Amino acid sequence: MLRIGHGFDVHRFAEGRRCILGGVDVPSQRGLLGHSDADVVTHALMDAILGALRAGDIGQLFPDDDPAFEGADSLVLLSRVMDVVRARGARVLDCDCTIAAQAPKLAPYREQMRKNLARAMGVDVGRVGMKATTTERLGFVGREEGIAAWAVALLDDGQGDGLGAGRCND
Ligand SMILES: Nc1ccn([C@@H]2O[C@H](COP(=O)(O)O)[C@@H](O)[C@H]2O)c(=O)n1
Ligand SMILES: C[C@@]1(CO)OP(=O)(O)OP(=O)(O)OC[C@H]1O
């Protein structure tokens, strides 16, 4: 049966941090603050996948007070989310992400982000969409206080078509 999930995340800018987005170390005056590497778009994507699985969220899987995840590479966390996907007999069919950032300019890094996310998920790069937008200087993104990201993911849950045997109503 097809399942859809949505994810959203925000990280604030901070001095002395790197700006990791989709696994790319984007040149930036300031980076993003977080317990992990603060890769906001990878976090949104993980939550979209977990949403489609009805499997909670990344905070449940990787608590932000657990030292094990301090400075964690979010692509590694994404590969662990994929372990959950596979354990349930599910697979990621498609996903699409949007990053809202007034700066830095992200277009030059979009293809590398797609490749990194596709590799971490073990899917073809054609199944990963990536877009960037400013907010026309409006709001916290426009004031360059942080970056927001959204993602949607479409999964086959491996439970049949929902019409006959293997019907899933939850
Ligand atoms: N951080 C960003 C934001 C936007 N882009 C690219 O610029 C295009 C126009 O952005 P608007 O917010 O003015 O609509 C957008 O479609 C992206 O291609 C970017 O590279 N990095
Ligand atoms: C990724 C995790 C890992 O501890 O930490 P953060 O980098 O703080 O990211 P956030 O999206 O705030 O919370 C989720 C956590 O699971």
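Begin by selecting helix H1 and helix H3 in this predicted model, where Thr 42, His 43, Leu 45, Met 46, Ile 49, Leu 50 and Leu 53 of H1 meet Ser 74, Leu 75, Leu 77, Leu 78, Val 81, Val 84 and Val 85 of H3. If these residues are coloured by character, the contact of H1 with H3 divides into 11 nonpolar and 3 polar residues, with no charged ones. Two packed helices are described by the angle between their axes and by the distance between those axes. For H1, which spans residues 40-53, and H3, the angle is about 10° and the axes are 10 Å apart. The two helices, H1 and H3, are therefore roughly parallel to each other.

Keep H3 selected, and add helix H4. H3 covers residues 74-87 and H4 covers residues 110-121, and their axes come within 8 Å and cross at roughly 40°. Because of that angle, H3 counts as oblique to H4, and the crossing in which H3 passes H4 is right-handed. To see what makes this contact, show the side chains of Leu 75, Leu 78, Ser 79 and Met 82 on H3, together with Asn 116, Ala 120 and Met 121 on H4. The residues of this contact of H3 with H4 comprise 5 nonpolar and 2 polar ones, and no charged ones.

Next, return to His 43, one of the H1 residues that meet H3, and select with it the other positions that share its annotation. Which residues does the UniProt annotation "binding site" cover? According to that unreviewed entry, they are Asp 9, His 11 and His 43. These positions are spread over 35 residues of sequence, yet they cluster in space, with a largest C-alpha distance of 10.0 Å.

Take Asp 9 by itself, and follow strand E1, residues 2-14, in which Asp 9 lies. Is Asp 9 buried or exposed? Asp 9 counts as buried, because it has 22 C-beta neighbours inside 10 Å, where 20 or more are needed. Apart from residues up to four places away in sequence, Asp 9 touches Val 40, His 43, Ala 44, Asp 47 and Ala 149. For a longer view, draw a line from the C-alpha atom of Asp 9 to that of Leu 106, which is 97 residues away along the chain and separated from Asp 9 by 17 Å.

His 11 is also found in strand E1, and it is buried, with 24 other C-beta atoms within 10 Å. Leaving aside its neighbours within four places in sequence, His 11 is in contact with Leu 32, Leu 33, Gly 34, Ala 38, Val 40, Gly 146 and Ile 147.

From that set of contacts, pick Ala 38, which sits in the loop between strand E4, residues 31-32, and H1. Most residues other than glycine have a negative phi, and most peptide bonds are trans. Ala 38 has a positive phi of about 65° although it is not a glycine, and it is buried, with 26 other C-beta atoms within 10 Å.

Now move to Glu 144, in the loop between helix H5, residues 139-142, and strand E7, residues 146-156. Glu 144 likewise has a positive phi, near 60°, in a residue other than glycine. With 16 C-beta neighbours inside 10 Å, Glu 144 counts as partly exposed, a class that lies between the limits of 12 and 20.

The last stop begins in strand E5, residues 91-100, where Ala 100 is to be selected. Ala 100 counts as buried, with 20 C-beta neighbours inside 10 Å. Beyond its neighbours within four places in sequence, Ala 100 is in contact with Thr 133, Thr 135, Val 141, Ile 147 and Ala 148. Measuring back to Leu 78, you should find 21 Å from C-alpha to C-alpha, for two residues that are 22 places apart in sequence. Finally, step onward to Pro 104, which lies in the loop between E5 and H4. The peptide bond that leads from Ala 103 to Pro 104 is cis, with omega near -5°.

Technical notes. Residues are numbered from 1 along each chain as its sequence is written. Chains are lettered from A and ligands numbered from 1 in the order in which they are written. This is a predicted model: local features need pLDDT of at least 70, side-chain atom pairs count only at pLDDT 80 or more; totals for chains, interfaces and linings use all residues. UniProt positions are given in the numbering used here, feature names are shortened, and annotations may be inferred rather than shown by experiment. Helices (H or I, at least four residues) and strands (E, at least two) are DSSP runs, numbered from the N terminus. Two residues are in contact if their C-beta atoms, placed from the backbone, lie within 7 Å. Axes are lines fitted to C-alpha atoms, for helices over the stretch in contact, and angles run from 0 to 180 degrees between N-to-C directions. Angles under 35 degrees count as roughly parallel, over 145 as roughly antiparallel, 65 to 115 as roughly perpendicular and the rest as oblique. A crossing is left-handed if the near helix is turned anticlockwise from the far one by less than a right angle, and right-handed if clockwise. Ala, Val, Leu, Ile, Met, Phe, Trp, Tyr, Cys and Pro count as nonpolar, Asp, Glu, Lys and Arg as charged, and the others, Gly among them, as polar.
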